[in-house]
Amino acid sequence: MKSGYAPDTHSTPPTWHRLAACAQLEDPEVMFPGTIPADIDAARTVCTDCPVYRACLRDVITQERAARAELRYGVRAGLTGSERLAVYRTLRRQGRI
């Protein structure tokens, strides 16, 4: 018998996600600051002492890979989309990914 529902294609988030500093925010929109420098700095501050910073950075670089900067949203691992793209390109050039 066929079901009318599509299978769940969303994977379960890694366990480190729940430990992230941004996961504790009342308003997660803080991490999507747009282009206002003060708002970007506020988002970066959340990442400053995050206990899972390295896992977050590794995850976002792996997930976004070569996506264009305008397709990278928010501040993750303390970096904007264009900054994450620069990190990806540097790591790729070094043969580390």
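In what order do the elements of the protein chain run from the N terminus on? They run α-α-α. Hi everyone, let me walk you through this one. Please keep in mind that we are looking at a predicted model. There are three helices in the protein chain and zero strands. Of its 97 residues, 28% count as buried. If you take the contacts between residues at least 6 apart in sequence, 43% of them join residues at least 24 apart. On the outside, the protein chain exposes about 7400 Å², and carbon and sulfur atoms supply 55% of that area.

Let's go inside. In soluble globular proteins, nonpolar side chains tend to be buried together. Here, the largest nonpolar core has seven residues: Trp16, Ala20, Cys50, Val52, Ala55, Cys56 and Ala77. There is also a second, separate core of six residues, which includes Met31, Ile40, Val46 and Val75. Going back to Ala77, and leaving out residues up to four places away in sequence, this residue touches Cys47, Tyr53, Cys56 and Leu57.

Now for helix α2, which covers residues 53-64. Its 12 residues should span 16 Å at 1.5 Å a residue, and the end C-alpha atoms are indeed 16 Å apart, so the two values agree. The buried residues in α2 are Ala55, Cys56, Val60, Ile61 and Glu64. An α-helix has 3.6 residues a turn, so residues three or four places apart point the same way. As for what covers the buried residues of α2, that includes α3, residues 81-93. Right after α2 comes Arg65, with a positive phi near 45 degrees.

You may have spotted a charged residue in that buried list. Is Glu64 buried or exposed by its relative accessible area? Glu64 counts as buried because its relative accessible area is 13%, and the cut-off is under 20%. What does Glu64 touch, not counting residues up to four places away in sequence? The answer is Arg72, Tyr73 and Arg84. With two of these, Arg72 and Arg84, Glu64 is linked in a network of salt bridges.

That brings me to the salt bridges in general, and the count comes to five. One of them joins the side chains of Arg44 and Glu83, at 2.9 Å from N to O. This pair links distant parts of the chain, with Arg44 in helix α1 and Glu83 in helix α3, 39 residues apart. Both ends are partly exposed: Arg44 has a relative accessible area of 25%, and Glu83 has 28%.

Next, Arg76 forms a salt bridge with Asp59, and their closest N and O atoms are 3.4 Å apart. Arg76 lies in the loop between α2 and α3 while Asp59 is in helix α2, so this pair ties together parts that are 17 residues apart in sequence. The relative accessible area is 23% for Arg76 and 23% for Asp59, so each counts as partly exposed. Then there is Arg68 with Glu70, whose side chains meet at 2.5 Å, N to O. Glu70 counts as exposed, at 51% relative accessibility.

Last stop, the surface. Phe32, Leu71 and Tyr73 form a nonpolar patch there, with about 340 Å² of accessible area together. Phe32 sits in the segment before α1, which is residues 37-48. At 47% relative accessibility, Phe32 counts as partly exposed. Tyr73 may sound familiar, as it is one of the residues that Glu64 touches. Thanks for listening!

How values were computed. Residues numbered from 1 in each chain as written. Predicted model: local features only at pLDDT ≥ 70, side-chain atom pairs only at ≥ 80, totals over all residues. Heavy atoms only, no water. Patch = residues over 30% accessible without salt bridge, like charges linked within 9 Å, V, L, I, M, F, W, Y side chains within 5 Å. Areas by Shrake-Rupley, 256 points an atom, 1.4 Å probe, with all protein chains shown as cover. Salt bridge = Lys/Arg side-chain N within 4 Å of Asp/Glu carboxyl O. Helix = DSSP H or I, 4+ residues; strand = E, 2+ residues; numbered from the N terminus. Buried < 20%, exposed > 50% of the residue type's maximum accessible area, 1.4 Å probe, protein only. Contact = heavy atoms within 4.5 Å. Core = buried A, V, L, I, M, F, W, Y, C linked by side-chain atoms within 4.5 Å. Expected span 1.5 Å × (residues − 1).
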